Each structure stands twice: as structure tokens, then as C-alpha cells.
Amino acid sequence: MTELLTTISIMFIVAGPFLLVANRFDLPTVPLLVIAGTIVGFFIDEALTLELAQYGIALLVFSFGVDIDLSAVRSVIRDSEVAALAQIAVVGSLGVGLGLALGVPLEEALFLGVAAALSSTLVGTALLRTEITMNLLQGRLAQSIHFIQDLLAILFVLVLSAETLDAGPVTTMLGSGLALLVAAVLVNRYLFDAIGRLAGDSDELMILGVVSLLAVFVGAAEYAGVSVAVGAFAAGLAVRHDPVEYLGLFNGLESIKDFFVAIFFLTVGALVVLPFVEIGWSESVEKLVLAGGLALLTVVVKPAITTAILLYRGYEPRSATLASLSSDQVSEFALIIAIEALVLGLLTQSVFDAIILAAAVTMIVSSLTKRYDERIYRVLADRGLLPANHGKVDELSDVTGPLVDHVIIVGYGRHGQKLVEACDADDTPYVVIENDPARREAVVAECDAYVFGDAMEQYTWEKANVDDASLVVSTIDSDPVSRRLLSFEFDADLTLRASDRTIALELLEAGALYVSQPDVLAGKQLVSRIRRVLDDELTPEALREEQLTELNSIDHPEFQHRR
Amino acid sequence: MVSEIVLTVDFAIILLGATLAGFVAKQTGQPTIIAYILAGVVLGPAALGVVEVSELTELLSELGLAFLLFLLGIKMRLDDIQHILVPIAKISIPQMAAIFLAGAGLSLALGFDPLESFLIGLAVMYSSTAVVIKMLTDKDEATSLHGKIDVGVLLVQDIVVVIILAVLAAGRPDGLADVATTLAVVLVLVALVTVAAVVASQTVLPVVFRRIADNKEVFFLIAISWAFLFVFVSDNINLFLAPLGIEAYLSIEMGAFMAGLAIAQLPYSKELQDRVNPLTDLFVMVFFVSVALDLEATQLLEYWQEAMIAALVLMPVKFLVFLYLLDWQGFDTETTFLGSINMIQVSEFGIIVAAVAFEGGFIDAEVLGFMTLLAIFTMAVSVYFIEFSHPLFERVEPTLSKWMSEGEFEGGKREYRDHAVVIGYDEVTRNALPLLADHYEDVVVVDRTVEHIDTLEEEGYDAIYGDFRNSTIRKDAAVKKADFALSSSVEPAVNKALLREVGEDATVFVEAERVDDAHDLYDRGAHCVIMTPYLAGDRLASYLRAYLAEDERFVDAINDDVELLESSDPFPNTYERLGGDLDD
């Protein structure tokens with residue numbers, strides 16, 4: 001058995017208990033792997049695993065490239081959430097400033113700036129998964145912010161490979177990077193399906209083919225003197241494909257990725273020279289101050305600045321705060337940048353350590369702030385730290401008509417539209433409450449009366465004249481929102497929405513007149529259809545015809561493509 | 001400080017070479033193992049000489065074998081193999097003795113000296129774990145009866161290899177007593193590792209894996225971590241035992257197998273198979289490529305004629321020995337034939353034994369070359385026999401069955417047919433399950449949540465834990481033979497995979513979130529696409545209309561819904577009442 005196998009074995013054996021801890025306390029795995037790595041560092045020679053770690057980096061960036069949603073790029077630009085760029089500039093500068101203030105030379109301080117500015121997609125987006133699948137505003141916002149940062153990170157890695165900031169080499173690097181991307185597009189268009197045909201129905205060969213493709217791109221990147229990460233990103237773009245046709249391939253790649261990425265994070269941890277344990281006092285304190293400063297910048301200053309910018313862009317305080325809170329960690333891309341810079345000799349050990357330690361700490365803190373984000377927001381709002389901005393709500397809302405015995409509809413998604421139609425048909429007055437700028441146009445065009453504000457805020461309800469309303473229908477599938485509405489104790493009847501049965505029951509218990517739980521309704525419908533088929537009342541083909549006719553009668557084209 | 005990292009070109013070349021060879025093999029209908037071995041011969045010093053064994057490739061090929069055995073372990077449920085343990089012992093020991101005699105005798109006849117002949121005899125006794133298990137896995141026969149017999153025999157051989165390697169590594173043995181001690185120690189160690197694995201599978205593992213099963217990434221990494229624990233302990237057992245004054249070795253393959261075996265006894269093993277499989281494929285590829293990477297052409301080819309003769313004699317001898325022994329143990333003709341034809345090659349362990357003997361100064365490099373060539377050649381030939389074992393059997397069956405005894409062993413389990421497959425147990429599907437159970441003999445539910453699996457099994461449904469996107473899971477649920485399929489997943493990938501796999505006559509109900517997904521699913525053959533959000537929106541609007549019109553039915557309707565919500569029965573048998581719409 002080789003020394004390398006012993007090393008890898010030790011890595012994974014040590015990682016085991018840490019992963020159990022991560023699972024037990026619902027923490028992200030990345031920081032715990034890094035921490036496990038610091039312990040592994042005592043037993044192994046990390047230089048041995050650096051090459052494997054590079055494959056980890058390559059696969060990490062590769063899968064980012066594979067998963068990239070090109071239409072998302074467009075929608076981000078359209079939503080003018082490029083405001084995220086401003087946040088990166090501000091926080092990045094602060095990071096550089098922090099480094100300079102602590103006596104770090106400018107070249108290295110730049111890396112602190114990068115570490116402070118970029119947030120982790122793996123951690124941040126994973127924490128927000130529920131919000132993203134439910135298409136809540138803060139989920140979408142956070143996703144866009146992370147996405148822009150990731151793209152910038154790739155760009156930065158590219159520039160970093162120039163090993164200098166002179167215009168000449170940087171331009172060359174950008175040229176090489178561009179060439180790789182063009183190659184990726186060509187491969188994706190002409191070669192990928194050929195690989196699929198050659199591999200036939202063999203997942204094994206397909207995976208092998210794609211890994212080879214990755215190796216070729218990484219090799220080309222190395223040859224051009226560009227970071228392997230850039231090559232891997234291009235390879236990812238080259239392999240982008242509808243996963244359905246190649247299920248085995250994409251599942252297989254995920255296993256391979258998980259394995260090597262774990263080695264990467266463990267190696268990063270192993271490279272850290274632990275303060276106090278491995279070095280003297282003064283050096284340790286210096287390192288911890290740097291790490292602490294970076295962590296503070298990331299956990300407190302970055303969300304604050306992001307919130308401020310989002311508020312300025314016209315988002316209401318709650319969504320802005322919640323989205324910003326999801327970006328309060330150091331990015332895994334910053335880890336990649338740091339390790340590359342360390343290897344290239346652009347970064348000294350102590351700055352590297354500070355970045356890695358800050359990353360591990362902030363990733364853990366981030367999962368805690370996510371857990372308590374609604375409370376953090378409430379505390380901030382109640383202390384008056386967030387501008388209430390009633391003027392803005394007044395300005396954007398339209399509640400001119402007489403509003404007595406009206407229905408208040410919260411949310412103008414698919415359900416909201418149906419409810420508005422029902423009110424229109426019945427000539428019942430209604431007000432729609434909505435907070436998503438992306439839906440504003442539709443609301444203005446289609447609703448008689450609307451309040452553009454956050455349903456969590458008292459003022460929004462005053463504006464909607466809830467005291468004289470007869471019914472409040474919330475179509476928002478969010479537990480905090482539902483509880484908040486119940487806590488207002490409206491005189492009007494209140495119906496809510498929930499996706500979880502237990503929560504639905506709790507909400508009923510707490511005083512809701514009705515809780516719409518889509519799954520229960522769907523289950524009812526499903527049973528009736530299945531029974532008709534099984535009882536031979538209807539052939540499957542006839543059912544299909546009937547269903548298709550019904551489907552074609554759904555006519556809300558403008559909402560079909562929105563995610 | 002770290003020095004600059006340069007990714008080795010060797011691995012990239014191996015990847016590319018193997019991929020190209022693999023594509024050619026696929027297009028011409030050859031097994032991929034052959035492609036990998038040939039790629040190694042061409043890339044290695046024997047031909048082009050562009051690749052050398054690097055630390056990375058060595059690691060990956062070691063991992064390849066370890067993962068292959070780990071994967072195999074994951075597939076072995078003890079209940080399934082208990083009844084064949086005795087026959088396996090009775091087959092493997094005489095088989096090795098017979099082949100040893102044949103191999104040593106043949107070598108003497110070919111002009112090798114007595115010590116060389118003795119060692120060659122020791123090296124040819126085993127069949128190739130890598131080839132047989134890889135082929136069995138590719139053909140999906142690892143858990144068939146003949147597959148299990150072969151695997152069992154291979155493991156016994158593995159133990160013997162470990163003992164022989166230990167003896168060889170210790171230098172020239174001082175006598176029989178020395179060999180006997182090593183033998184005893186290794187057997188005790190194997191027993192200890194087995195006990196550790198079995199105890200863990202009864203105590204710690206169920207608790208741990210139950211907790212982590214719902215977290216895909218942690219689940220996978222912990223399983224890997226568990227495998228490495230066994231690999232590490234087996235490999236370093238010498239260090240652990242040194243204070244006791246005992247010298248002993250265990251193979252990492254043995255450790256990996258035991259680690260897998262412990263997990264196999266848990267209900268989550270199926271899901272893990274699909275996660276470990278791709279890594280194994282990748283690493284095993286490196287293993288096969290590097291088989292031929294070590295040798296110069298001259299060393300490899302010095303005894304090529306002898307190697308060919310030895311191969312042509314040993315393969316039929318191995319086949320006949322296995323055929324006789326399996327038949328003697330009372331397996332049916334087909335199992336006997338298939339189980340024997342799989343095992344006719346000389347193992348990669350033969351090369352390892354020869355390599356250790358070479359390092360110990362027992363034999364020359366040319367004899368090592370002879371062993372390597374013999375192993376590569378027999379592996380390559382046997383792959384074709386394994387690939388086409390079934391058609392071959394059909395040809396020879398009439399002749400064979402004349403002189404072979406009747407089979408006494410029962411094998412194989414009942415398979416699903418015309419059953420109902422349900423993907424995802426949730427609020428939408430739980431009402432439908434009793435209805436389906438009334439109409440179908442078998443209702444198989446695939447779900448990724450441990451608690452759901454427990455609930456389902458308590459109710460008597462067949463539950464499979466795993467992600468439907470994995471092919472093993474789909475195969476397990478026998479989706480192809482289902483008469484009815486219902487998916488409550490809104491992921492288009494899952495539903496499209498389902499629609500692609502079901503038979504033509506199956507009725508398929510799926511769910512979708514968006515209109516264009518629904519259209520797509522109908523285009524692909526779905527009979528009914530449930531669209532929960534739209535449905536709920538319509539329903540909510542009709543409730544609002546009823547509310548505004550002060551219709552009494554509003555109260556009834558919402559009371560009905562609330563009642564449904566409140567029923568904590570996981571399988572409400574209330575479907576009789578369900579289905580009444582407000583608008584009907």
C-alpha cells in the first residue's frame with residue numbers, strides 16, 4: 001500500500017466523526033471538513049494530497065459550470081440585481097483596507113478583499129434551498145447575488161494566474177480564458193453528443209469520456225498557464241446538457257465530485273498552521289486578529305452593506321435583510337483562490353491561515369444566522385435600525401377606491417391571480433399585497449387596488465385597511481409569514497397556506513379559518529382519477545385526452561416561464 | 001511551505017487512452033476490460049512507453065481494487081449467502097490444491113526449475129477477483145447463485161493469497177511450523193475483522209446510518225470513511241500487532257469487503273451501490289491499465305511461448321476442476337457451468353505473488369514477465385467466455401446434462417410483474433396507496449426518507465430506499481414490468497426517467513409544477529399529470545367564490561379538507577369518500 005493511500009485513509013477516517021456532527025446539528029459540511037482537515041494535518045504530509053486536492057478544485061468548479069443556468073444570467077441582468085456588484089466593490093475595498101491597517105502588504109491584502117467580498121454558494125444557497133424552491137423573493141435575490149459572485153470569482157482566478165496585476169500578462173490570461181470558453185461552446189455543440197453516441201448505453205464509458213474531457217481542458221489550461229479552475233469551468237460549460245438523457249453520467253459525476261471535493265477541503269484544513277498549537281503567541285495573536293477582522297467584516301459588515309444597497313434598489317427591508325444574511329460567509333471559491341495563491345507564493349502562510357480560519361468560522365456562523373434570520377430581522381426592525389420607509393409604500397401603492405367588506409389577497413402568484421379573478425367576477429372589492437418588484441408590472445396592470453409592501457409589516461395592513469376587511473387570504477407558503485398574520489389578530493376571517501400537514505394543523509389550531517394545503521387537494525384529485533382508471537370507467541388514453549384539454553385551457557402564459 | 005503543484009500528465013494520458021480504447025471496444029462489441037488492459041500495454045514501456053506508474057496512478061489502482069471489493073461487500077446480504085458457505089469451502093480448497101499441482105507440474109514440464117515451478121503453482125491457483133467481479137457486476141449477475149459461489153470462492157482464495165504473501169514477505173520460511181503460525185494468525189485476524197463488521201452492522205451502523213440517510217452527501221462520505229477505516233486497519237494490522245510480537249498482514253481488499261458487508265445488512269445499501277459504482281469504475285479502469293505498465297517488452301516476452309502453452313492448458317483444467325467440484329456439491333447444470341466458466345483465468349494476484357517472490361529473490365524478472373503475460377492473456381480470453389457464457393451454455397447443455405447430476409440447490413427470488421410502482425410517499429400519494437393495494441398484488445414504493453420506509457414496511461408495502469434517478473433502484477422496482485406507475489416527484493428528470501423506462505402498456509401518473517413541464521410529460525407518454533399548484537389555485541378560487549356567495553357547501557368543503565388533514569393514519573382508507581369536487 002502506498003503512503004498516499006494511508007494518507008487518504010486517515011483523512012476520511014478523521015472526517016467521519018465531523019460529518020456526523022455536521023449532520024446532527026444541521027451544519028454545512030464544508031466548514032467541518034476544513035476543521036477535520038486541521039486535525040488531519042498533524043498526521044499527514046499534506047504536500048502528498050495537493051494533487052488530489054487540485055482534482056477536487058477542478059471537479060468543484062466543473063460542476064458549477066455544468067449546473068450554470070444561462071437563462072439565469074439574463075434574468076439577473078434584467079432584474080438589475082447587478083447591484084450585487086456594488087456590494088462586492090465596497091466590501092472588497094474594506095477587506096483590503098483591513099489588511100493594510102493590520103500591516104499586510106497590498107498584494108496580499110487584495111486576497112483578503114476577495115475573501116471578504118465573495119460569499120459561498122455551497123453554503124449560502126444550500127441554506128436557502130427552501131426559499132428558493134418556494135420562489136420567495138429573498139431566495140431569488142440571494143441566488144442572484146451568489147451567482148454573480150461566483151462568476152467574478154472565476155474571473156479573479158483567471159487574473160490570478162497571471163501572477164501579477166500588470167496589464168500585459170492579465171490580457172494574455174483573459175485571452176486564454178476566452179479561448180477556453182469558445183472551445184467549450186464548440187465542444188458542447190459538436191463533440192458532446194458524439195461522446196454520447198460512442199459510449200452507447202454505457203454509463204461507465206460516458207463518465208470516463210467526460211472525465212477525460214475535463215482532463216483535456218485542465219491540461220489545456222495548464223499548458224496556457226491558466227489556473228486549472230478556469231479550465232475546469234470551461235469543461236463544465238462544455239458538458240452542460242439536459243440531465244435526463246444522461247442520468248447515469250450526472251449522478252456518477254456527483255459521486256466522483258463529492259469524493260475529491262472532500263479531499264480538497266480536508267487538504268485546505270491540513271495546510272493551516274494552527275495558532276498557539278503550532279506557533280508562538282505573538283504570531284498566533286496576529287493571525288487571529290486578522291482572521292477575526294475578516295470574520296467580522298463578513299458576518300456583520302457585509303450583510304449590512306448588502307442590505308443597504310438592496311434597500312436603495314427599492315426592495316423592502318425584510319427581503320433585503322434575509323437575502324443579505326445568506327451572504328455572510330466566506331466563499332469556497334475564496335478557498336480555491338487562497339490555495340492557488342499560496343502555492344504560487346503570492347500569499348504568506350499567516351494570511352492564508354487567516355482566510356481559511358475565517359472561512360470555516362463564518363460558514364458555521366452563517367448557518368446559525370440563517371436559523372434565526374427572522375428573529376434578527378425583527379430585532380433590527382423593532383429597534384428602528386431599518387428604515388420603515390412608509391413613504392415608499394405610499395408611493396408604490398394604489399388604494400384609492402372605497403374599501404369596506406373587502407378581501408385582502410396576499411401574494412400575486414398563480415393563486416393570487418385566481419383569487420383576483422374570483423373577486424372580479426363577484427364584484428367584490430379587494431386589495432392585493434405584494435412585495436416582489438418582478439411582479440409589480442402585472443399587479444399594476446391587472447389589479448384594481450394594491451399595496452406594495454411587506455405583509456410582515458403593520459403599516460402594510462393599515463394601508464390595506466384591514467380593519468374593515470371581511471376576509472384575508474394569504475397565498476404565501478411561509479411559516480413565519482403565516483404566524484405573523486395570526487399574531488395581528490385581524491377581525492376579518494383569515495385563511496393561510498402551508499405545505500406541511502403538521503404546520504397546517506397548528507395554524508388551524510391557532511385560529512386560521514382555513515389552511516390551504518395543496519398536497520391534500522392534489523391527493524384528493526389523484527385518488528378520483530386513479531379510481532376511474534382502475535375501475536375501467538375510463539381508459540388511460542381517454543384520461544390523457546381529457547387531461548390535455550384541461551391543460552390547454554390554462555392560459556397564463558406570462559407566468560409559465562417564471563421560476 | 002508548499003511547492004508548486006503540477007498535475008501529472010500520466011493520469012490524463014491514461015484517462016484519454018482508456019477512453020478511446022473503451023469507445024472502440026464499445027463500438028466493436030468487446031468488453032471494456034480488454035480495452036483497458038490493451039491501452040496499458042500500448043501506453044506502457046512494452047510499446048510506446050509514454051506512461052510510467054506514478055504515485056497517483058498507483059493510489060487509484062489500489063483504490064480501484066479496494067472499492068471493487070467494498071462495492072461487492074455492499075451487495076452481499078448475509079441471509080442470502082449463508083446457505084452456500086459450506087459448499088464454497090468444499091469447492092475452494094480442493095480446487096486450489098488441484099490447480100497448484102497442475103500449475104507446478106506444467107511448469108516443470110516447460111523447463112522451469114523446481115522452486116520456480118513451486119511458486120508458479122502457488123501463483124496460478126487463484127481466479128481474478130477484478131475480472132470476475134467486474135464482469136458479474138456489469139452483467140448484473142453478482143447476486144445470482146453462480147455469482148455468489150464465485151464471489152465466495154474468490155474470497156477464500158483472497159485469504160490464501162494474503163497468507164502466502166505474508167509468508168513470502170517474511171523471507172524464506174524456517175519450516176512448516178512457521179507457515180502454520182502465519183496461517184493461524186491470519187485466520188484469526190480474518191475472523192476478528194469479520195466479527196467486528198458483523199457486530200457493527202448489528203449495533204452502531206443502524207443507528208448512525210439511520211440518522212444520516214436523508215443527507216445524501218454526508219451519507220456517501222460516511223460510508224467511504226467507514227470503508228477507509230477497515231482498509232486502514234487491515235493494512236496497518238502489522239503495526240497494531242507489533243507490540244504483541246506477532247507479524248501478520250491482511251489485504252486491503254479483505255478490509256474493504258468486510259466494511260461493505262457490514263453496510264449491506266442495512267436497508268440503505270441499495271442507494272449506496274449507485275453512489276459508489278462510478279468511483280469504482282473510474283479507479284478500476286486505472287487498475288487494469290496499470291497491470292501492464294510495469295514491464296519492459298523483453299521481460300514480458302522472454303517466455304511468451306511457455307506462457308501461451310500454460311494458458312491454453314490451465315484454462316481448460318481450471319474449468320474442468322470447477323465443473324467437477326460444483327457438480328459434486330449438487331448445483332444445477334446451469335449454475336455449475338456458469339460458475340465454472342467465470343473462473344478460468346489466472347488472477348492479478350498471481351502477478352502480485354510473483355512480484356513479491358521476485359523482490360524476495362526467489363525468481364528472475366523474466367519469470368515475473370511470464371506470470372504477467374499468463375495473467376493478462378488468460379484474463380483477456382476469459383472475459384469473452386464470461387461475456388458469452390449464456391449462449392455458450394445453451395450450446396453445450398444437452399451434452400453436459402447427460403453426465404451431470406441433478407441440481408438440489410434452490411436459487412433466485414420472486415420477481416415483480418404487472419405491479420404498481422409509486423415514487424415518493426407524501427400527502428399526495430398516501431391516499432392512493434390503499435386504492436392501489438386493492439388492485440395490485442404488489443405495490444412497490446420508492447422513497448428517500450428513512451421514516452417513510454419504516455412506516456411503509458410496517459403497513460406491509462414493499463419499500464425501496466433510494467433515489468429513483470439511480471439505475472439500480474429503478475431495476476429493483478422492476479419499473480419496466482410495472483402495470484401502473486405513480487410519481488409524486490415534481491422533478492422533471494425523475495418523471496422523464498420513469499416515462500422512458502416503463503413498458504408500453506403501463507398507465508403513468510406524474511406530477512409537475514409548470515405548464516411547459518406538463519406538456520413535455522404528456523408528449524413523453526404520461527396519462528395524467530397532476531399539477532398541484534394550479535389545482536390548489538383553482539380550488540382556492542372556487543372556495544372564495546363559495547365564501548362570497550355564502551354558499552353552505554363552503555363550510556362542508558373546508559371541514560372535509562380539515563378532516564383529511566387531521567387524519568393521522570398514514571394510509572387513510574377513506575378513498576371511498578374522496579374525489580367529490582365543489583364544482584362537480
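Okay, quick definition before anything else: two strands count as paired if DSSP finds at least two bridges between them. Keep that in your head for the sheet part. And a reminder that what's on the screen is a predicted model.

So, let's go straight to strand S1 of chain B, residues 420–423. What joins S1(B) to strand S2 of chain B, and which way do they run? There are four bridges between S1(B) and S2(B), the latter being residues 443–447, and the two strands run parallel. If you want one spot to click on, take Val421(B): its bridge partner in S2(B) is Val444(B).

Then there's strand S4 of chain B, residues 484–487. S1(B) is joined to S4(B) by four bridges too, and again the strands run parallel. Here the residue to pick is Ala420(B), which stands opposite Phe484(B) in S4(B).

Now, are the faces of S1(B) covered or open? Both are covered. On one side you've got Ala420(B) and Val422(B), on the other Val421(B) and Ile423(B), and all of them are buried.

Zooming out for a second. Chain B has 28 helices and six strands. Its C-alpha atoms fill a box of roughly 105 × 70 × 55 Å along the principal axes. Of the 584 residues in chain B, 56% are buried. And if you take the contacts in chain B between residues at least 6 apart in sequence, 70% of them join residues at least 24 apart.

Right, helices. Have a look at H2(B), residues 32–43, and H19(B), residues 365–387. Their axes come within 9 Å and cross at roughly 155°. The cut-off for roughly antiparallel is over 145 degrees, so these two helices are roughly antiparallel to each other. As for handedness, H2(B) passes H19(B) in a left-handed crossing.

Who's actually touching? From H2(B) it's Ile33(B), Ile34(B) and Ile37(B), and from H19(B) it's Ile376(B), Met379(B), Ala380(B) and Val383(B). Sorted by class, that contact has seven nonpolar residues, with no polar and no charged ones.

Last stop, where chain A meets chain B. How many residues does each chain put into the contact? Chain A brings 90 residues and chain B brings 94. On the chain A side, helix H25 of chain A, residues 518–534, gives the most, with 16 residues. By class, that side of chain A has 52 nonpolar, 24 polar and 14 charged residues.

Okay, that's my tour. Over to you folks.

Terms used
Residues numbered from 1 in each chain as written. Chains lettered and ligands numbered in written order. Predicted model: local features only at pLDDT ≥ 70, side-chain atom pairs only at ≥ 80, totals over all residues. Axes fitted to C-alpha atoms, helices over the stretch in contact; angles between N-to-C directions. Parallel < 35°, antiparallel > 145°, perpendicular 65-115°, else oblique. Left-handed = near helix turned anticlockwise from the far one by under 90°. Contact = placed C-beta atoms within 7 Å. Nonpolar A, V, L, I, M, F, W, Y, C, P; charged D, E, K, R; others polar. Buried ≥ 20, exposed ≤ 12 C-beta atoms within 10 Å, placed from the backbone.
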